[in-house]
Amino acid sequence: MRCRIMEYQEFESIYFTVEDTGEEIEFVILDSTIVDGQNYILVIEAENLEDEEADVMILKETAVEDDDVIYEFLDDEEEMFMVAEKFRELSDEYDLDIDGE
């Protein structure tokens, strides 16, 4: 999935830790939505924020533990297309192109 950000604004970041290496990767949250009672966020790696053709990912909230929110990458293609369509409807500040469309 690719995203063209139309207008720069201040974004919130989240950090993922790679379990095998301990490396932290910063993701910028572009948007969030709720579909069928489930929370989703649209993210991009921080280092790619200025790239107009950068890949973005949809993450699904799976748990909340104390102050930490646990997200997982979507691997269900049907769910991904459904949530991506919802993000398209929400904003004109970015343009989503879904691979395979």
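I take a residue as buried under 20% relative accessible area, as exposed over 50%, and as partly exposed in between, with a 1.4 Å probe and protein chains only. By that scale I enter Glu93 as partly exposed, because its relative accessible area is 27%.

**Entry: ground rules**

I am working on a predicted model, in which local features need pLDDT of at least 70 and side-chain atom pairs count only at pLDDT 80 or more, while totals for chains, interfaces and linings use all residues. Residues are numbered from 1 along each chain as its sequence is written, and side-chain values use heavy atoms, with hydrogens and water left out.

**Entry: overall make-up**

I looked up the secondary structure, where helices (H or I, at least four residues) and strands (E, at least two) are DSSP runs numbered from the N terminus. The protein has 1 helix and 8 strands, and from the N terminus on I read the order as β-β-β-β-β-β-β-α-β. Of its 101 residues, 33% count as buried. The accessible surface, from the Shrake-Rupley method with a 1.4 Å probe, comes to about 6800 Å², and 39% of that belongs to carbon and sulfur atoms. I also looked up contacts, meaning heavy atoms within 4.5 Å: among those with a separation of 6 or more, 44% are between residues 24 or more positions apart.

**Entry: the sheet**

Strands of a sheet pair through backbone hydrogen bonds, either parallel or antiparallel. I count two strands as paired if DSSP finds at least two bridges between them. In this model I find an open sheet of 5 strands, ordered S2-S3-S4-S6-S7, with antiparallel pairing. Its edges are strand S2 (12-17) and strand S7 (68-73), each of which pairs on one side only. From one strand to the next the twist averages 50°, with axes being lines fitted to C-alpha atoms (for helices over the stretch in contact) and angles running from 0 to 180 degrees between N-to-C directions.

At one edge, S2 pairs with strand S3 (residues 24-35) in the antiparallel sense over 6 bridges, and I note that Phe16 has Ile25 in S3 as its bridge partner. At the other edge, S6 and S7 run antiparallel and are joined by 6 bridges, with Lys60 standing opposite Glu72 in S7. I then placed helix H1 (residues 77-90), which lies across S3, strand S4 (38-45) and strand S6 (57-65) and runs at about 80° to S3.

**Entry: two loop residues with positive phi**

Most residues other than glycine have a negative phi, and most peptide bonds are trans. Asp36 has a positive phi of about 50° although it is not a glycine; I find Asp36 in the loop between S3 and S4, and at 72% relative accessibility it counts as exposed. In the hairpin of S6 and S7, which has 2 residues between the strands, Asp66 takes a positive phi near 55°, and Asp66 is exposed as well, with a relative accessible area of 79%.

**Entry: nonpolar cores**

I define a nonpolar core as a set of buried Ala, Val, Leu, Ile, Met, Phe, Trp, Tyr and Cys residues joined through side-chain atoms within 4.5 Å. The largest such core has 18 residues, and those with the most contacts inside it are Leu30, Tyr40, Leu42, Ile44, Ile58 and Phe87. S3, S4, H1 and strand S8 (94-97) each supply at least two residues of this core. A second, separate core of 8 residues includes Ile14, Phe27, Ile41 and Tyr71. Leaving aside residues up to four places away in sequence, I list among the residues that Leu42 touches Val28, Leu30, Val56, Ile58, Phe87, Tyr94 and Leu96.

**Entry: aromatic pairs**

I searched the whole structure and found 3 aromatic pairs, taking rings of Phe, Tyr and Trp (its six-membered ring) as paired if their centres lie within 6.5 Å, with planes under 30 degrees apart counted as stacked, over 60 as edge-to-face and the rest as tilted. The rings of Phe27 and Phe73 have centres 6.4 Å apart and planes at 65°, so I enter this pair as edge-to-face. Because Phe27 lies in strand S3 and Phe73 in strand S7, the pair ties together parts that are 46 residues apart in sequence. Phe27 is buried, with a relative accessible area of 4%, whereas Phe73 is partly exposed at 44%. Phe16, Phe27 and Phe73 form one aromatic cluster.

**Entry: back to Glu93**

I place Glu93 in the loop between H1 and S8. Glu93 and Asp31 are 62 residues apart in sequence, and their C-alpha atoms are 10.0 Å apart in space.
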